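Colleague: I'm new to looking at protein models, and I'd like to learn how to read one. Could you walk me through it?

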Amino acid sequence: MSSFPWLTTAVFLPVVGALVLVALPSGGGARGAVLPKQVALGFSLVTLVVVGYVAATFDVGGARYQFTETHDWIKVFGAHYALGVDGIGLTLVLMTAILTPVVILASWHDGDEGRWGTSAFFAWILALEGLSVCVFSATDVFLFYVVFEATLIPVYFLIGGFGGARRSAAAVKFLIYNLLGGLLMLASVVGLYVVSARSSAGPTYLLSELSQVSMDRDVARWLFVGFFVAFAIKAPMVPVHTWLPDAAEEGTSGTSVMLVSILDKIGTFGMIRFCLQLFPEASRWATPVVLTLAVVSILWGALAAIGQDSIPRLIAYTSVSHFGFIVLGVFVLNSYGQSGSTLYMFNHGMSTAALFLVAGYLVRRRGSVLISDYGGVEKVAPVLAALFLVAGLSSLSLPGLSPFVSEFLVLLGAFAHAWWWGVAGVLGIVLAALYILLMYQRTMTGPTVPGVAALKDLNVREVVAIVPLVVLIVGLGFFPKPLTAIIDPAVHDTLTQIHATDPAPAVPAAAQQEGSP
Amino acid sequence: MTGLTGLTGTTGTTVLAAAFQKPTIDYGLLSPLLIVLGTALLGVLVEAFVARRARYLTQTVLSVVGIIAALVATVLVAAHLDPVGTSAGRGKVAVGGAIAVDGPTVFIWGTILALSLISVLLFAERTLEGGITAFAGQAAALPGTSAEREASTQGLEHTEVFPLMMFSIGGMLLFPSANDLVTMFVGLEVLSLPLYLLCGLARRRRLLSQEAALKYFMLGAFSSGFFLYGVALTYGFAGSMNFADIAEAVSGRLGAQPLLLAGIALLAVGMLFKVSAAPFHAWTPDVYQGAPTSVTAFMAACTKVAAFGALLRLFYVAFGAARWDWSVMIGIVAVITMLVGCILAITQSDIKRMLAYSSISHAGFILVGFVGLHQVGSFAGTELSSVQSVLFYLVTYGFMTVGAFAVVTVVRDAGGEATHLSRWAGLGKESPVVAGVFAFFLLSMAGIPLTSGFAGKWAVFTSAVSGGAWPLVVVAVVLSAVAAFFYARVIVLMFFSEPVGEGPVVMNPSLLTTIVIAVGLAVTVVLGVYPGPVLDLAANAGQFIR
């Protein structure tokens, strides 16, 4: 493997792009100017190429963490600038790199009416991409924490500067909720310093060294709680989820995609990377409570989604429900659940992005987010309706589309852990069918409502933005192997590290007798 | 001087048993202090003898040169500190035991002088008031009278503020380095009296300014009285004013000693007043609001650094052996201070008052680090020590505070500085650069990572947890979240609200204020991303000597 810092390049390329956008002459920053959008798209596509190279040359049978870079940063704190990807991190980095150009292309005109110019909008999106890649590839807890908090700033300005009428309040709510979670995590990060400083390794924040440090059982449990609450707020899980519907409704559709598809994954990624790996005993201890909360999230999110009249809020609640599935898969502590939830994170990113973006096209045309203002759109804009249907079906995990594979694995893992979790999870699927199909029926089918009659169908740019998502959803639905090939070894390593084993499959006695010679 | 053997007239028995020992005054070690006091005295002479027109320039140049010379002297002193025995401390107790020049002392001296240097630049700013300083033209003229109008028309300036500031800096250098109680009291008074005066010298809103000065003076005099009473009781207990002797008496005590405990409590009252810890914080919002903003910046930064240095020395060196007696009390004070600072700031409608309450909350955070008392070498690992973390926090806090107040001076309307929060609405549109810089300072105060405020908070929290004060850290973390709310509110106001009426105007200041803001910003950024060197410097300071 060459020693070229590919991951640092993937992190800093979008950030440099953001700075370039800000520095563009004011003619380029005027509302509606095309140059900043092209520059932004260019930077995001180059980042995609870099990440694609990393993914293509990732050695499936090789070391756990690859493309590693480790440098001392603050010796006194034990903090390092350390990056590295394993299968799980690589999946999420890839998802980020794929989604950003899609979002930029779909949000071509969204930055024009904001408080600041177009350049600012795309600059914040690129900055968010760079920081997200850094979060997913950080192998040092201090670096992770710093970038975890740093991601709040672009999203805050994206929601607050560009979006609906109540965007200011939504942005502040988002910021305070996540800051609170971040500060609780700070207490745990500080505690980790003290624990590691007292051990023979000296103060350190490198994951590889921290996971070797032995901790007192109660101390580990408290530290786990600090991390877990922060990640639960991020995910979001019930009962700390109320910031998401407001933020998703008030932000532009592109902002909501970045928020839900990328930023929220930091929460569940953190659960796998930090909660499980650093505090395995505490994770096991907390499993009953966490699984209960996960199931509550699944059902609550689905029920709330069914009752929504506002499309973005509905999609936000479906996310709460989906994240319940992801957390369920993580904390059942077997390989089906973990592989399923990692794959779920990628697939959910794609399908929710498609949902938000197509809904965004619809809302932009009609000017209203309410389902009751629509009806019979498929007669007027069939392409839009078709893409909406595909996105919706992927969200309810139709077999043949990629989310089905991941949902199936998660439910399999849940059943393997204990049957009642699986039953609760399956209920979620039924409710998913309800919320998606009801929404589709009310908005797309039926007689064309007067406000909808003049709607134009999607133009080429808008279709081109969604096509990669659809291709991935359908392609990975039939052939998930490229992703599972990189995910499975990482999951296996994680579970080995925390001494969790899969339950042995139960084979019926009759089959055993028949099978034996 | 020889002994008084001459009295007996013979070489037989002498009257005095011992010859008078001339105390060694290590002028070299004290050179920063002497340079600053010398500059102050020269400033007074300038006021007496230099023509009025030339005074401003002379005083400014003199002050800046004096502080730079003192800074250079501090560096030289720091480079030549000798280790004391086998302990981790380096330095020397000078002037017959009255002043201790050790590692923490020179670190604090360096911090105070660096902060004073940028504060002097703020004092010297003339562009914002249209060619004249922000200090009253003739302080003795009653507000609203013809004398005041005449002074204003004639363009009079009180350039005495510069030597006053230098005297105050001298006191600030003496206060944390004092090794006995009387010297400490002298340092306290020398630093406070000029500040009382400076607070009353605003050019605009003079009544508010004079009220602030009077409040500061009355409450300060009271707290000095408490301090002095504490000195008396402690002397009564220990039989000596010297910290080393007090420490011996404290560690050798048997049973409860009400005299000592009362002495500690009263001394604590005096010190906690100076650092604006609750419940002795009531003066802070009024004084910070009424004083001229450049004086507020100077006070908020330098007084706290000096006072915390003195607090550390007094409690760690003199009363270190009694720490189980005072740490609970200080812990409770820390919690109340953080509560008061974070919660009351939410209701403020004036930016200077809000920054004052934010200062109070920072004092609470520093007290958290102070309570988690442990020194280098008291544990096997390589954890941060309390002294190191508090010194580092003081550096980060000082620079971001001076920077923030410097930004406050440039946001103005027709009546001078626009300090009401409603006047700051829409500042992001009017001047994105200024609003962005101020937002960055606010984020640093809130403790967002990649800013110096975060590094400081992190250092203080880790040393507190290492010292066993983890409940305080949990409270501090929760209250930081509360504090983040009012910082975010100002950012929302600047960037996401429409201007009220005409909106604020950002005046272009001269190079002086621009330098101050730039330095504050640079330090906040650099210490956020790369705090290692300064942390190592604080660690090198080592322990207090006795």
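**Reading the model together**

Modeller: Sure, let's begin with a pair of side chains: A:Glu462 is buried, and A:Arg461 is buried too. This is a predicted model, so keep that in mind as we go.

Colleague: What joins the side chains of A:Glu462 and A:Arg461?

Modeller: A salt bridge, with 3.8 Å from N to O. The cut-off for calling something a salt bridge is 4 Å.

Colleague: How many salt bridges are there over all chains?

Modeller: A search of the whole structure turns up 26. One of them is between the side chains of A:Arg166 and A:Glu250, at 3.2 Å from N to O. When you meet a pair like that, check where each partner sits. A:Arg166 is in the loop between H7 and H8 of chain A, while A:Glu250 is in helix H11 (residues 243-250) of chain A, so this pair links distant parts of the chain, 84 residues apart.

Colleague: Is A:Arg166 buried or exposed? And what about A:Glu250?

Modeller: A:Arg166 is partly exposed, because its relative accessible area is 48%. A:Glu250 has a relative accessible area of 7%, so A:Glu250 is buried.

Colleague: Which other pair could I practise on?

Modeller: Try A:Arg221 and A:Glu281, whose side chains meet in a salt bridge of 2.8 Å, N to O. A:Arg221 belongs to helix H10 (residues 217-234) of chain A and A:Glu281 to helix H13 (residues 280-306) of chain A, so the pair ties together parts 60 residues apart in sequence. A:Arg221 counts as buried because its relative accessibility is 14%. A:Glu281, at 35%, counts as partly exposed.

Colleague: Which residues do salt bridges with shared partners join into one network?

Modeller: That network has A:Arg166, A:Lys173, A:Asp246, A:Glu249, A:Glu250 and A:Arg313 in it. You've already met A:Arg166 and A:Glu250 as a pair.

Colleague: Now for the two chains together. How many salt bridges are there between chain A and chain B?

Modeller: Zero. For polar contacts between chain A and chain B, the count is one residue pair, with both residues at pLDDT 80 or more. On the side of chain A that touches chain B, the elements giving two or more residues are strand E1 (66-74), helix H6 (141-150), helix H7 (152-161) and helix H8 (167-198) of chain A. H8(A) gives the most, with 16 residues. Sorted by class, that side of chain A has 27 nonpolar, three polar and three charged residues.

Colleague: How much area is buried between chain A and chain B?

Modeller: About 3,100 Å², and carbon and sulfur atoms give 77% of that. In terms of contacts, 33 residues of chain A touch 34 residues of chain B.

Colleague: Can we zoom in on one residue of chain B?

Modeller: Take B:Thr513, found in helix H19 (residues 511-529) of chain B. B:Thr513 has a relative accessible area of 0%, so B:Thr513 is buried. The side chains of B:Thr513 and B:Glu125 are joined by a polar contact of 2.3 Å. Beyond neighbours within four places in sequence, the contacts of B:Thr513 include B:Leu122 and B:Val410.

Colleague: Where in chain B does the pLDDT fall below 50?

Modeller: Chain B averages a pLDDT of 89, and 94% of its residues score at least 70. Over residues 1-10 of chain B, though, the pLDDT is below 50. Residues 375-381 of chain B also stay under 50. Where pLDDT is low, the predicted coordinates should not be read in detail.

Terms used:
Residues numbered from 1 in each chain as written. Chains lettered and ligands numbered in written order. Heavy atoms only, no water. pLDDT = per-residue confidence, 0-100. Contact = heavy atoms within 4.5 Å. Buried area = accessible area lost by both parts, 1.4 Å probe. Polar contact = N/O pair within 3.5 Å; in protein donor to acceptor, adjacent residues only side chain to side chain. Helix = DSSP H or I, 4+ residues; strand = E, 2+ residues; numbered from the N terminus. Nonpolar A, V, L, I, M, F, W, Y, C, P; charged D, E, K, R; others polar. Buried < 20%, exposed > 50% of the residue type's maximum accessible area, 1.4 Å probe, protein only.
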